[in-house]
Amino acid sequence: MILFMLFMVTTFNYADRAILSIAGTAMKSELGFDAVTMGFIFSAFSWAYVLGQLPGGWLLDRYGSKRVYAASIFIWSLFTLLQGGVHFFGVLWGVPALFMLRFMVGLAEAPSFPANGRIVAAWFPTTERGTASAIFNSAQYFATVLFAPLMAWLTHAYGWSASFVVMGVAGLVLSMIWMRVMHSPKDHPRMSPAELAHIRDGGGLVDMDQGLAAGKGRQVNRGVKLAYLKQLLSNRMLAGVYLGQYCINTITYFFLTWFPIYLVQERGMSILKAGMVASLPAICGFLGGVLGGMISDRLIKRGFSLTWARKIPIVAGLLLSTTMVLCNYVDTQWLVVGVMALAFFGKGVGALGWAVVADTSPKEIIGLTGSLFNMFGNIAGITAPIVIGYIIKQTGSFEWALVYVGANALLAVISYLVIVKDIKRVELKPLDDGGQPYKKLSGVES
């Protein structure tokens with residue numbers, strides 16, 4: 001039930017990010033902006049999302065996942081709903097209003113994935129964590145499968161604003177359901193002692209949120225010490241993971257933002273058809289995402305080291321993602337969709353970054369660590385839409401845009417093979433009250 005809720009909330013999370021890619025073509029005509037302006041509007045979400053990561057992680061470590069996540073869902077859904085009314089501002093103010101509302105959605109969504117990482121670390125043993133992380137992460141593909149056809153139909157039948165209104169109202173309802181059903185492992189009313197022991201003995205951090213509601217607990221005092229950031233940023237393994245996530249998210253944001261427009265402008269599909277067709281690669285991404293997590297956990301159970309159990313599906317999947325460049329050499333619509341589906345399947349297999357975060361984060365600041373990881377990864381949400389927008393404007397086509405996205409997949413492979421030597425939990429050096437590491441003393445001095 002916990003994993004199902006993470007899956008559903010993440011589905012809405014990504015659906016609300018992607019509404020603009022479906023409604024964008026109709027909005028361009030009504031509000032009158034070009035590809036570069038569209039790129040900046042696409043990036044508005046990620047500017048705020050990146051800026052909100054560290055404060056979001058601090059809030060999670062301070063107040064726990066349940067309450068912070070509920071507030072996040074409610075606020076981002078409210079701003080999604082409000083985007084349906086930007087046409088009332090007219091052509092002059094509609095674009096700035098849309099940019100600001102997208103910015104606020106990004107700010108509100110900032111704690112979501114770090115919260116997912118915290119909840120998985122608390123609820124799942126190490127040998128089940130890869131599959132659990134892959135399932136909630138695969139919701140990004142399921143969001144397209146489920147909602148792209150719905151949003152395309154709403155845009156076609158009722159106009160683009162209907163998509164924002166429907167999704168916003170649904171999200172507000174979801175935030176109330178979350179508060180009712182979500183609990184930490186020790187507080188869940190249906191938790192048996194045997195299941196709690198299974199989670200704890202397998203490496204689940206079942207005590208993570210204990211006492212946070214009252215503002216108590218050692219995790220709170222240690223979690224707010226931003227001096228730990230220096231230790232995280234100087235860790236070679238984490239640097240490689242951050243770079244890899246940036247490159248993987250470049251692929252994600254291409255599919256979330258420009259892919260439906262690519263189908264309309266470059267391949268001549270209608271908005272309705274593009275919405276339907278966009279769900280096919282997403283189905284493959286969803287299947288690849290679940291399969292990648294299952295393969296990784298199976299490798300651990302068969303005796304592979306944690307390092308190679310995570311690396312093998314990541315590297316293999318991302319190499320498969322580079323095949324999207326082949327779309328530049330084919331003209332048939334069904335073949336283009338097939339190649340994109342294969343590339344998206346590979347990206348799904350390789351998207352195990354959140355499992356790696358759960359494996360490596362220091363237990364004292366897992367929210368802050370996940371936020372730092374998500375911050376670096378989602379810089380791609382700023383750069384990718386804008387870079388692709390400029391490429392399209394300068395070249396008049398998507399050919400070099402696909403090369404740019406494929407090159408990022410290859411760079412992620414290099415990062416995991418060359419920079420990330422071992423995958424293991426980071427041990428923090430203890431700090432004194434001034435935020436400085438304790439000096440190592442000899443026996444006599446001690």
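# Exercises on a predicted model

Leu410 has a relative accessibility of 42%, so this residue counts as partly exposed. The model you are looking at is predicted, and the exercises below begin with this leucine.

## Exercise 1: Leu410 and its partner in space

Find the helix that holds Leu410, and work out how far the C-alpha atom of Leu410 lies from that of Thr322.

**Solution.** Start with the element: Leu410 belongs to helix α21, which covers residues 399–419. Next, turn to Thr322, which is 88 residues away from Leu410 along the chain. In space, the two C-alpha atoms are separated by 6.8 Å. Finally, check the class of Leu410: partly exposed runs between 20% and 50%, and the 42% of Leu410 falls in that class.

## Exercise 2: Two buried residues, Ser46 and Val86

Locate Ser46 and Val86, and decide for each whether the residue is buried or exposed.

**Solution.** Take Ser46 to begin with. Its place is in helix α2, residues 35–51. With 0% relative accessibility, Ser46 counts as buried. Now look across the sequence: Asn378 is 332 residues from Ser46, yet their C-alpha atoms are 6.3 Å apart.

Then move to Val86, which sits in the loop between α4 (65–83) and α5 (90–109). Val86 also has a relative accessibility of 0% and is therefore buried. The C-alpha atoms of Val86 and Leu101 are separated by 9.0 Å, with their positions 15 residues apart along the chain.

## Exercise 3: The ring of Tyr242

Describe the aromatic pairs that Tyr242 forms with Phe373 and with Phe376, and state which helices they connect.

**Solution.** The whole model has 15 aromatic pairs. In one of them, Tyr242 meets Phe373 at 6.5 Å centre to centre, with 50° between the planes, and the pair is tilted. Tyr242 is in helix α13 (residues 236–265) and Phe373 in helix α19 (residues 366–377), so this contact ties together parts 131 residues apart in sequence.

Next, consider burial. Tyr242 is buried at 6% relative accessibility, and Phe373 is buried at 1%.

Now take the pair of Tyr242 and Phe376: the centres are 5.0 Å apart and the planes 15° apart, which makes the pair stacked. The cut-off used here is under 30 degrees for stacked. Since Tyr242 lies in helix α13 and Phe376 in helix α19, the pair ties together parts that are 134 residues apart in sequence. Phe376 itself is partly exposed, at 28% relative accessible area.

## Exercise 4: More aromatic company

Which residues form one aromatic cluster, and which charged end sits over the ring of Trp308?

**Solution.** For the cluster, gather Phe254, Phe255, Trp258, Phe259, Tyr262, Phe344 and Phe398, which form one aromatic cluster. For the second part, go to Trp308: the charged end of Lys311 sits over its ring, 5.1 Å from the ring centre.

## Exercise 5: Cavities inside the model

How many cavities of 30 Å³ or more does a search of the whole structure find? Describe the linings of the largest and the second largest.

**Solution.** Begin with the count: the search finds four such cavities. The largest holds about 170 Å³ of space. Its lining has 18 residues, and those closest to its centre are Ala18, Thr144, Phe255, Leu256 and Ala278. Helices α1 (2–31), α8 (139–158), α13 and α15 (279–301) each supply at least two lining residues, with the largest share, six residues, coming from α8. By class, this lining has 14 nonpolar, four polar and no charged residues.

Continue with the second largest cavity, at about 110 Å³. Of its 16 lining residues, Tyr14, Asn137, Gln245, Asn249 and Trp354 are the closest to its centre. Here α1, α13 and α18 (353–360) each supply at least two residues, and α13 gives the largest share, four residues. This lining divides into six nonpolar, eight polar and two charged residues.

## Exercise 6: Cysteines

State how many disulfides the structure holds, and then decide whether Cys247 and Cys327 are buried or exposed.

**Solution.** Recall what is being counted: a disulfide is a covalent bond between the sulfur atoms of two cysteines. The structure holds zero disulfides. For accessibility, Cys247 has 0% and so counts as buried, and Cys327 is buried with a relative accessible area of 0%.

Definitions and conventions
Residues are numbered from 1 along each chain as its sequence is written. This is a predicted model: local features need pLDDT of at least 70, side-chain atom pairs count only at pLDDT 80 or more; totals for chains, interfaces and linings use all residues. Side-chain values use heavy atoms; hydrogens and water are left out. Rings of Phe, Tyr and Trp (its six-membered ring) pair if their centres lie within 6.5 Å; planes under 30 degrees apart count as stacked, over 60 as edge-to-face and the rest as tilted. Buried means under 20% relative accessible area, exposed over 50%, partly exposed in between (1.4 Å probe, protein chains only). A charge sits over a ring if NZ of Lys or CZ of Arg is within 6 Å of the ring centre and within 35 degrees of the ring normal. On a 1 Å grid over the protein atoms alone, a cavity is a set of points where a 1.4 Å probe fits but cannot get out, and a pocket is an open set with protein on both sides within 12 Å along at least five of seven lines; lining residues have an atom within 4 Å of a point. Grid points are joined across faces, edges and corners, and a volume is the space filled by probe spheres set on the points. Ala, Val, Leu, Ile, Met, Phe, Trp, Tyr, Cys and Pro count as nonpolar, Asp, Glu, Lys and Arg as charged, and the others, Gly among them, as polar. A disulfide is a pair of cysteine sulfur atoms within 2.5 Å.
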